[in-house]
Amino acid sequence: MNLRTIADGVFYAGVNDRVTEKFEAMWPLPYGVSYNSYILTGTDKVALIDTVEIAEVREYLNEIDNLLQGRAIDYLVVHHMEPDHSGSIPEVMRRWPDVKIIGNVQTVGMIKGFYKIEDDSCFHVVKEGDVVDLGGVSLKFVMTPMVHWPETMMSYVPERKLIFSGDAFGCFGALNGALVDSDMDTEIYFHEMYRYYSNIVGKYGKFVQNAMKKLDGVPLDYICSTHGPVWHDRITDVVALYERLSKYESEPGAVIVYASMYGNTAEVAEEIARGLAEGGVKRIVVHNACHSNMSDIISDAFRYKGLVIGSSTYSMTLMPPVQAFVDAMKTREIKGKALAGFGGYTWAPNVVQKALDDFAASVGIPMLGFVNMKQSIDAEVREQAFRLGLNLAKELV
């Protein structure tokens, strides 16, 4: 825990988690994760912006005490109710019993449900465009529902050209000493932003777009998200990345996702990759879905334009890891891909193709080609797979 100044009267009060292995019990955290909280001080009032995961609450509260030197927290602004940010709300209220919780109508309902805080006098309900003046600095509230829960919102500090953005523009990865992007190498955080967005926010592209429109033209010197660095120098890059991802716009490249019981279907995947490379595609990622982590598979599928899905036939359907990936893509309403498929079978020739055709129809993406292999690869199938990759490359380069 290290309270640091971001701008005049704006302080960082977040914590790093280097212990939790999976975010939301699903997504790996190889670089940890930060839970970011902030303090905004005016001449009259003090606002605490979000809280942290409950396991870190003792150090969190003590450090805030040290910073404020006897001043009380007047407001607790809750931008997002997911427990990694709201878990310490009851402890904040115990420490500062007169604190007023600022949130929208949905926020209040969730606080009552999660934390059994029933007294309506504890809450200050805000809506779009409302302003709370702290004395010399103010918070203007922007409603951003479904980014990525229905109660999510942001708050803008016009006097500092700074926005507290909730989970938007966030990423996995603990903060290693530095806080603001200008003081660190941000390469790993951009990689982790792809994974964070695709894994968690990916379904809600149209809602992210609605939020982005509200920020269009707003002067920004700092974006203070609830996960990852405070963005300053690279705001343009971060906003552009969210713009692309929320529009389902992909980078040049291709991802092959497959599962193979005994290696025969895997050989088809290798031939398709060879064809893609021969066709000039430089970024090719091949995931064996039985071994790669679903988090990385989803991230790469969001990132790159080409998507090739393959599976051995398994109990008259797709192999479970591929089915899980297909379901994840349906859930995230994936769009704009150059899609192809392949399958292997022993006695049921059309199972994989039908399953992938159904998937393509469900997400409204045409299937550009399919290779079907009976039992094991031969020269004809090898050539078909190579040609599939070669033809798909024409859509990507």
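What percentage of the 397 residues of the chain count as buried? In this predicted model, the answer is 56%. The chain's secondary structure amounts to twelve helices and 22 strands, and the C-alpha trace spans about 80 × 40 × 35 Å along its principal axes. The points below treat the largest pocket, a nonpolar surface patch, the salt bridges and a contact between residues far apart in sequence.

**Largest pocket**

- The volume of the largest pocket is about 300 Å³. Its lining is made by 18 residues, and those closest to the pocket centre are Met-261, Thr-313, Gly-344, Tyr-345 and Thr-346.
- Helix 8, strand 19 (304–314) and strand 21 (338–345) each contribute at least two residues to this lining. Strand 19 gives the most, with three residues.
- By residue class, the lining of the largest pocket holds eight nonpolar residues, ten polar residues and no charged ones.

**Nonpolar surface patch**

- Met-261, Tyr-262 and Tyr-314 make a nonpolar patch of about 370 Å² on the surface. Met-261 is also among the residues closest to the centre of the largest pocket.
- Tyr-262 belongs to the loop between strand 17 (251–259) and helix 8 (264–278). Because its relative accessible area is 74%, above the 50% cut-off, Tyr-262 counts as exposed.

**Salt bridges**

- The whole structure contains 18 salt bridges.
- One of them joins the side chains of Arg-160 and Asp-8, with an N to O distance of 3.4 Å. This pair links distant parts of the chain, 152 residues apart: Arg-160 sits in the loop between strand 14 (153–157) and strand 15 (162–166), and Asp-8 in the loop between strand 1 (4–7) and strand 2 (10–12). Asp-8 is exposed, at a relative accessible area of 57%.
- Another salt bridge pairs Lys-203 with Glu-333, whose closest N and O atoms are 3.0 Å apart. Lys-203 lies in the loop between helix 5 (187–201) and helix 6 (205–215), while Glu-333 lies in the loop between helix 10 (320–331) and strand 21, so the pair ties together parts that are 130 residues apart in sequence. Both partners are partly exposed, Lys-203 with a relative accessible area of 32% and Glu-333 with 36%.
- Arg-234 and Asp-237 also meet through their side chains in a salt bridge, at 2.9 Å from N to O. Arg-234 is partly exposed, with a relative accessible area of 29%, and Asp-237 is likewise partly exposed, with 37%.
- Beyond such pairs, Arg-244, Glu-251, Arg-283 and Arg-303 are joined into one network by salt bridges that share partners.

**Contact between residues far apart in sequence**

- Ile-377 is located in the loop between strand 22 (367–374) and helix 12 (379–393). Its relative accessible area is 14%, which is under the 20% cut-off, and therefore Ile-377 counts as buried.
- Between Ile-377 and Asn-264 the C-alpha to C-alpha distance is 6.4 Å, although the two residues are 113 residues apart in sequence.

Definitions and conventions: Residues numbered from 1 in each chain as written. Predicted model: local features only at pLDDT ≥ 70, side-chain atom pairs only at ≥ 80, totals over all residues. Heavy atoms only, no water. Patch = residues over 30% accessible without salt bridge, like charges linked within 9 Å, V, L, I, M, F, W, Y side chains within 5 Å. Areas by Shrake-Rupley, 256 points an atom, 1.4 Å probe, with all protein chains shown as cover. Salt bridge = Lys/Arg side-chain N within 4 Å of Asp/Glu carboxyl O. Helix = DSSP H or I, 4+ residues; strand = E, 2+ residues; numbered from the N terminus. Buried < 20%, exposed > 50% of the residue type's maximum accessible area, 1.4 Å probe, protein only. 1 Å grid on protein atoms, 1.4 Å probe; cavity = no way out; pocket = protein on both sides within 12 Å on 5 of 7 lines; lining within 4 Å. Points joined across faces, edges and corners; volume = space filled by probe spheres on them. Nonpolar A, V, L, I, M, F, W, Y, C, P; charged D, E, K, R; others polar.
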